[in-house]
Amino acid sequence: MKGLSRDRLWSIAVLLPSILLLAVFVYGFIARTVYVSLTDWGNDPAQALALDPIIRWVGLANYQELFTGFLQGRFRQELVNTIFFTLFFILGCLGLGLGLALVLDRNPRGEGLWRTIFLFPMSLSFIVTGTIWRWMLQPQGGVNQFPNAVGLPAGQFSWLSSTDAVWKFDWNALPLITASVVGLVLILLAVRAARAGDRTRAIVSGLCAALLLGWALFIGPNVRLLPAPELHGFNLALIGIIIAAVWQMSGYTMALYLAGLRGIPEELREAAKVDGASDFGMYRHVIFPLLAPITLSAMIILGHISLKIFDLVYAMTGPDNTYTSVPALNMYLTSFRQNQFALGAAIGTILLILVAFVIVPYLTSSFRGEEGHA
Amino acid sequence: MKKALLIAAALTVTGTASAAGKLEIFSWWSGDEGPALDALVKLYKQRYPTVAVDNATVSGGAGTNAKAVLKTRMLGGTPPDSFQVHAGQELIGTWVVANRMEDLSGLFKSEGWDKAFPKDVIGLLSAKGGIWSVPVNVHRSNVMWYNPAKLKAWGVTAPKTWAEFLTTCNTLKAKGVAAPLVVGENWTQQHLWESVMIGTLGAQGWQNLWTGKTKFTDPKVVQGFTTFGRVMDCANKDASGLSWQQASDRIADGTSAFNIMGDWAAGYFTTTKKLQPNTGFGFTPSPGTSGTFVMLADSFGLPKGAKNRTEALNWLRLMGSKAGQDAFNPLKGSIAARTDSDLSKYNTYSRSAAADWKRNKIVGSLVHGAVAPESFMSAFGAVIDQFVASKNAQGAAAAAQQLATRSGIGQ
């Protein structure tokens, strides 16, 4: 009678409310959003806010509009912005966080104080961080005035208002680029598998890579998403936002790394020293490999923060600056200013998929790990 | 203890007795604009002392936050009794087409407002055979601000057409003025675009654009885009980092020569910067638009299903009256929408604007919600941004036309 034991009943009674709330307010609403994204709600202004709107099923038309529609260039720029932002934000946080942690690990004087100072920015909300950094990155003040202090002319870089971009590419080349990148990754996997002696795996990945690269070479160049070339790149104004975001979150990675460093047993270091490892060699071969799991979890946390970032950008460059905009901002504007609920829901769904790309592999691996321990 | 209970009981009794009616007013007027609204509420309480007025202000510039709250309330079935909205298509294209507003033509007729307000204004407020909101104030969007002393020093005058503007711009650049024109963040660029377009197309051409008679792909409109691109070449490069106040500062300190901004800039110059009109700052209609008054107005409408309909109608009656408008506008820094207001209550700039209001051809502003619905305006910002980056006039015009079709303009 295990199923009816008191403990069990209690646990069910205690868990039930949160399960119900989660089912409705998380999963129910996700389902609802995905459904709305497949309709035309809001495409006709007369129906958008009507008491009893007529909503029609349109399939994937909204997604098609976002990726290939003439009017949605802003969204595509935002996707590119997100990718660059995520890349530099994660690299910046990991690099700075690790650096700080390594310095603090050498037990400098006033270590506790430094730790607090470095961790402090994390206690602020992104809105506050954004406002402070917006002041500092004003074109005629703040950071640009620093050279004045040593008698040099003021800096001219427009941190948040630059409209220049580097590394531009034509959106039409996107299928080609994606196929090539995925193909190269697959080749890498195939080579690795072959080295490890896993023959089936090597053959499967090799074949997939060949297929993709073949497609990229012969069919890819003829695929045209847009009637005219549309250039997207890394907008220089994003640099200011990345600096603020790294400032805010690198303390957090520092804390993670510091915990990891302190968790490495002293015996290992001593053993390495006895074996004649130099300082550099010890870090390279002993300590950094042990920090790899921490890097992974930091990347997951930072990755999903950067994909759904909204408030920092809103505070720093406002909602209407398309050069620095991100999908979350566009989702808000599309839904609540333009009343295009279906299109907004489609952007939301794309964001969810992007975040899922980061989170799901992590979740599966950690679930597997737990089962393995059990 | 007993005493306290008695007092409390007495208070509730008198409370309910005096509050014979209730009225909830929804607006985004807070801060600097709060006193103007308070003046109106005070007047309302004098006339209807038994009504409890609930001032439901949601602060935030241009009503961005208020509009989002309003949407939640309307969709949730608890509309405020009367809410603020920019007069014209912002209301019509959003709430009137969704069949959520009450027609106010009856009120306009019974109060004689058909004659009190200029005919062009009634036209902007009308659609689908009804009149949908009561304008309480008027702002002008097509004003060019400049620094008179600096212009004298540079030896130029305020240009009258956009062609002349471009020549002046070159002269100034030759004299070492890096950015003869100052613009700010995205919406101020749209604001400039609107002035360039009206200066290029003329008032009638501008109206045709919004009735669908002229397409955005029309060569004249494309020409307007090209001109706008050249005008933007005269502007500062750090535009998107500046608020309109920071842009106005550059006129005051003489770093830039011209700025196109609405007439709230007059309030900023006189009140915040302590400058005198005509000496500290100069103003003239933006190039090519003399004789045209590009208006935007705050107005109040009556949503269907308002709980206190009678009180709300009385509120609207007060807002449209001469007394109401003259109590509100001098404090707000705008002018009355009525043509019979008491000009002695206004400052120098407002008097000149009020005089133009009576004489000029009146057309609506795009960026401030008079001629196009929110769905157009909000997405149009991205079109302008892309145009400023690419300078592709054909492409921008085609994108604008697609947006217009999507938003139901000219249908």
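This is a short chat about a predicted model and the contact between chain B and chain A.

User: Hi! What are the ground rules here?
Analyst: Residues are numbered from 1 along each chain as its sequence is written, and chains are lettered from A in the order in which they are written. The model is predicted, so to speak on paper: local features need pLDDT of at least 70, side-chain atom pairs count only at pLDDT 80 or more, totals for chains, interfaces and linings use all residues, and side-chain values use heavy atoms, with hydrogens and water left out.User: How does chain B score for confidence?
Analyst: Its mean pLDDT (the predictor's confidence in each residue, from 0 to 100) is 89, and 95% of the residues of chain B reach 70 or more. Over residues 10-19 of chain B, pLDDT stays under 50, and the model has three contacts (heavy atoms within 4.5 Å) beyond four places in sequence for them.

User: And what are the ipTM and pTM?
Analyst: The model scores ipTM 0.83 and pTM 0.85.

User: How many residues does each chain bring to the contact?
Analyst: Chain B brings 33 residues and chain A brings 27.

User: What area is buried between them?
Analyst: About 2,700 Å², with carbon and sulfur atoms giving 51% of it. Buried area is the accessible area (1.4 Å probe) that two parts lose on being put together, summed over both.

User: How many salt bridges and polar contacts between chain B and chain A?
Analyst: The count of salt bridges (a side-chain nitrogen of Lys or Arg within 4 Å of a carboxyl oxygen of Asp or Glu) is zero between the two chains. Ten residue pairs are in polar contact there, both residues at pLDDT 80 or more. A polar contact is a pair of N or O atoms within 3.5 Å; within protein, one must be able to donate a hydrogen and the other to accept it, and residues adjacent in sequence count only if both atoms are side-chain atoms.

User: Which helix of chain B gives the most to that side?
Analyst: α17(B), with nine residues. Helices (H or I, at least four residues) and strands (E, at least two) are DSSP runs, numbered from the N terminus.

User: Switching topic, how many salt bridges over all chains?
Analyst: The search of the whole structure finds 23. One joins A:Arg262 to A:Glu111, whose closest N and O atoms are 3.3 Å apart. A:Arg262 lies in helix α10 of chain A and A:Glu111 in helix α5 of chain A, so the pair ties together parts that are 151 residues apart in sequence.

User: Last one: what is the strand order in the open sheet of chain B?
Analyst: The order is β7-β11-β13, with mixed pairing; two strands pair if DSSP finds at least two bridges between them. Four bridges join β11(B) to β13(B), and these run parallel.

Definitions and conventions
Side-chain values use heavy atoms; hydrogens and water are left out.
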